[in-house]
Amino acid sequence: MTIKPLIILPDPVLRQLSKPVERVDADLQRLADDMLETMYDAPGIGLAAIQIGVPRRMLVIDVAREGEDKQPLVFINPEIVTSSDDRSVYEEGCLSIPDYYAEVERPATIGVRYLDRDGKEQTVEADGLLATCLQHEIDHLNGVLFIDHISRLKREMVIKKFTKAAKTTKAL
């Protein structure tokens, strides 16, 4: 397993639309393992393939609490098929937008259809943190960032901050 470098805002790669996975094979399973390793190392609870520069519709999640055994989940070609009218608000962060957090309102419960790491079709009904994390990561596959769900003023401030930081880093 290999820890991959994360793509950081304002990199335009984060706005790319990810393409469907056509075949689940050993290479894709290796990518899933690398993504999990990268996510755990960061540390985070979710990672979309685009966040390591791979524009494929795949994400990994582990919402196990600290002290619990790891519960890695791999979602290939995930698709939200149901969402509740009830809403919930979570403070979200993102490995591609380090050290920035904001409250985001999303559907409280969702149903997701996907392929597992063996290529078998699965469905999951998710609520709580898993529902929020799935929606956040599926957004990534569509080129959407969690800051797109906050006010325009806050979003512009965050983008400006990260653009300035990126220019400073390049200048070094």
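This passage walks through the sheet, the helices, the nonpolar cores and the salt bridges of a predicted model.

The sheet comes first. It is open and built from five strands, arranged in the order S1-S2-S3-S6-S7, with antiparallel pairing. Strand S1 (46-48) and strand S7 (121-127) sit at the edges, and each has a pairing partner on one side only. Going from one strand to the next, the twist averages 40°. In the pairing of strand S3 (residues 73-83) with strand S6 (residues 109-115), five bridges hold the two in the antiparallel sense. Glu79 belongs to one of the bridged pairs, and its partner in S6 is Arg113.

Two helices go with this sheet. Helix H1 (residues 26-41) lies across S1, strand S2 (58-61) and S3, and runs at about 45° to S2. Helix H2 (residues 128-141) also packs on the sheet, where it touches S1, S2, S3, S6 and S7. The direction of H2 makes about 155° with that of S2.

On to the nonpolar side chains. The largest nonpolar core has 16 residues, and Leu59, Ile61, Phe75, Val112 and Leu134 have the most contacts inside it. At least two residues of this core come from each of S2, S6, S7 and H2. H2 gives the most, with six residues. Leu134 shows how the contacts spread: with neighbours within four places in sequence left aside, Leu134 is in contact with Leu59, Ile61, Phe75, Ile110, Val112, Val124 and Ala126. There is also a second core, separate from the one just described, with 15 residues. Leu36, Leu47, Ile52 and Val60 are among them.

As for charged side chains, the count comes to 10 salt bridges. One of these joins Arg15 and Asp148, with an N to O distance of 2.5 Å. The two residues are 133 residues apart: Arg15 is in the segment before H1, while Asp148 is in the loop between H2 and helix H3 (152-171). Both ends are partly accessible. Arg15 is partly exposed, at a relative accessible area of 37%, and Asp148 counts as partly exposed at 26% relative accessibility.

Another salt bridge pairs Arg117 with Asp33, and here the closest N and O atoms are 3.1 Å apart. Arg117 lies in the loop between S6 and S7 and Asp33 in helix H1, so this pair ties together parts that are 84 residues apart in sequence. Arg117 counts as partly exposed, at 27% relative accessibility, and Asp33 also counts as partly exposed, at 24%.

What about Asp139 and Arg106, whose side chains meet in a salt bridge: are they buried or exposed? Asp139 has 15% relative accessibility and Arg106 has 4%, so both fall under the 20% cut-off and count as buried. The N to O distance in this salt bridge is 3.0 Å. Asp139 is in helix H2 and Arg106 in strand S5 (residues 97-107), and the two are 33 residues apart. The pair is also part of a wider arrangement, since a network of salt bridges links Glu92, Arg106 and Asp139.

How values were computed
Residues are numbered from 1 along each chain as its sequence is written. This is a predicted model: local features need pLDDT of at least 70, side-chain atom pairs count only at pLDDT 80 or more; totals for chains, interfaces and linings use all residues. Side-chain values use heavy atoms; hydrogens and water are left out. Two strands pair if DSSP finds at least two bridges between them. Helices (H or I, at least four residues) and strands (E, at least two) are DSSP runs, numbered from the N terminus. Axes are lines fitted to C-alpha atoms, for helices over the stretch in contact, and angles run from 0 to 180 degrees between N-to-C directions. Contact means heavy atoms within 4.5 Å. A nonpolar core is a set of buried Ala, Val, Leu, Ile, Met, Phe, Trp, Tyr and Cys residues joined through side-chain atoms within 4.5 Å. Buried means under 20% relative accessible area, exposed over 50%, partly exposed in between (1.4 Å probe, protein chains only). A salt bridge is a side-chain nitrogen of Lys or Arg within 4 Å of a carboxyl oxygen of Asp or Glu.
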